[in-house]
Amino acid sequence: MKKIICLGIESTAHTFGVGIVKNKKILANVKDSYTTIKGGIVPVEAAKHHEKVKEKVLQNALTESGLKLSDIDIISYSQGPGLGPCLLQGLGLAKKLAKQIKKPLIPVNHCITHLEIGKLLCKCKNPVLLYVSGANTQVISYASGKYRIFGETLDIGVGNFIDSFARYCGIGFPGGSRIMELASKSTKFIELPYSVKGMDVAFSGLLTNLKQKFDQRYRIEDLSYSLQEHAFAMLVETAERAMAHLRKKELLLGGGVACNTRLQEMCKIMCKERGAKFFCPPVSVLVDNAAMIAWLGILMYKAGQKIKVEKTDIKPYERTDDVEVKWL
Ligand code: ATP
Ligand code: FE2
C-alpha cells in the first residue's frame, strides 16, 4: 500500500506550524511562535504574526522534508478549539494549498492530536491523557467511540494560571519554565488552597492566594515551589482517579506544562505505586506543533474522515468529545 504523506497546519494560539508526516515518520516539524514581553496573548496580534510567517514556515517545512508541494497527498489543519482569528489563518492556508494541489483536506481536533502523537511516539495503546497546556487542562481517554473528557479545569488552564502568576510577579511570559527554575531553589512548603472536585480542578482561588502572599513578601522561590506542589498534586490526583475509574494502566502526558520535570516525576511516582506505565513524549511534540496535526490527518484519512474543501470551517469551541473517532 502506498505511503501517505500529510502536510499539517497548526494555528490554534501562539504557534504557527507546518508539519509533514509520511506514514508514521515525521519528516518536518517547523514552527514560529508569537511571544510577548509584557502581557498575554492578543488574538488579533497573534493572527497577524501567523499571517506574516506562514509562507516562510511552509517553505522551511518543505525544505526540511526534502519534498515538493506536489509530493503531498493530503492536507490537515487544526479546526479547533482555539482563537478564532488564529484558526482562520490556518484554515486559509490549508484551503489554498488543497485547491492548488487538488488534494483532500482534513480538519482535526487539536486536543486529540496531542493524544495521538503521544500514542505514536511512546508506543502506548490505551492511555489516560493528562493534557496540560496554557488554555487547556483535561483528563481524556477513549471510551465507546469517542475520546471523552473525564475531568477538566472549572476555570483557567494550568499553564495560564502559572503564566498569570509569573506575570504578576514581573517575570515575563510564558512563565512555566521560570517558575520551575525558581521552584528548584526552594524546599519550603507553604500551605495553599487545594481545589479538586471529583475529577475536576480549579486554579483561580490558588492564583488569588499566591498573589496575596507575593504582596505580603513571601519569597518567590518558596511560592513557586509550593505552587507546583499543590497544582501538580491536584492534576495527578484527578488523573489517578480517572485511571482507577476506567481501569486503565497507562498514563500519557501532553501539552506545554508537561515539560515540567516535577510534574513528570509526580506522575511517574503515582504510576509506579499503582502498577501502571508512564509515558511522556519529547518536548518538540508536547508543546503546540504541526507534526501532530499531520499525524491525525493520516489516521482520519485512512478511516475515510475527509471533507469537501467548500465545507471546511473553524470550530473555536469544539470539544474533544464532539469528534467521532472512526480510526481506532
Ligand atoms: P493549547 O492550544 O493546547 O492550549 P497552548 O497554546 O497553551 O496550547 P502549549 O505550547 O501547549 O501552548 O503550552 C504553553 C504553556 O506551557 C505555557 O503556559 C507555559 O508557561 C507552559 N510551560 C512551558 N514549559 C513549562 C514548564 N517547564 N513548567 C510549567 N509550565 C511550562
Ligand atoms: Fe496544544
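Two strands are said to pair if DSSP finds at least two bridges between them, and with that in mind the reader can begin with the sheet of this predicted model. Strand β4, which covers residues 74-80, is joined to β5 in the parallel sense over 5 bridges, and one residue pair shows where the two strands meet, since S78 has V108 in β5 as its bridge partner. In general, the strands of a sheet pair through backbone hydrogen bonds, in either a parallel or an antiparallel manner.

Stepping back from this pair, one finds an open sheet of 5 strands, arranged in the order β3-β2-β1-β4-β5 and with mixed pairing. Its edges are formed by β3 (25-33) and β5 (105-109), each of which pairs on one side only. On average, and with direction ignored, neighbouring strands of this sheet are turned by 20 degrees against each other.

Two helices that pack on the sheet can be followed next. Helix α1, made of residues 43-65, touches β1 (5-10), β2 (15-22) and β3, and its direction makes about 155 degrees with that of β3. Helix α10, made of residues 291-302, also packs on the sheet, where it touches β1, β2, β3, β4 and β5, while its direction makes about 115 degrees with that of β5.

Two loops that follow strands of the sheet deserve a careful look at their backbone. In the loop between β2 and β3 lies N23, whose phi is near 50 degrees, a positive value in a residue other than glycine. The loop between β4 and α2 (84-101) holds P81, and the peptide bond from G80 to P81 is cis, with omega near -5 degrees. Both features stand out because most residues other than glycine have a negative phi, and most peptide bonds are trans.

The path then leads to ligand 1, which has 24 residues around it, with Y131, S133, G134, D163 and G256 coming nearest. The residues of this shell divide into 8 nonpolar, 14 polar and 2 charged. Helices α3 (110-122), α4 (158-168) and α5 (176-183) each supply at least two residues of the shell, and α5 gives the most, with 3 residues.

Several contacts reach oxygen atoms of ligand 1: a polar side-chain atom of H14 lies 3.0 Å from one, a polar side-chain atom of D288 also lies 3.0 Å from an oxygen atom, and a backbone N or O atom of G159 lies 3.4 Å from an oxygen atom. Taken alone, ligand 1 exposes 650 Å², and the protein buries 90% of that.

Note on methods:
Residues numbered from 1 in each chain as written. Chains lettered and ligands numbered in written order. Predicted model: local features only at pLDDT ≥ 70, side-chain atom pairs only at ≥ 80, totals over all residues. Heavy atoms only, no water. Helix = DSSP H or I, 4+ residues; strand = E, 2+ residues; numbered from the N terminus. Axes fitted to C-alpha atoms, helices over the stretch in contact; angles between N-to-C directions. Contact = heavy atoms within 4.5 Å. Near = heavy atom within 4 Å. Polar contact = N/O pair within 3.5 Å; in protein donor to acceptor, adjacent residues only side chain to side chain. Areas by Shrake-Rupley, 256 points an atom, 1.4 Å probe, with all protein chains shown as cover. Nonpolar A, V, L, I, M, F, W, Y, C, P; charged D, E, K, R; others polar.
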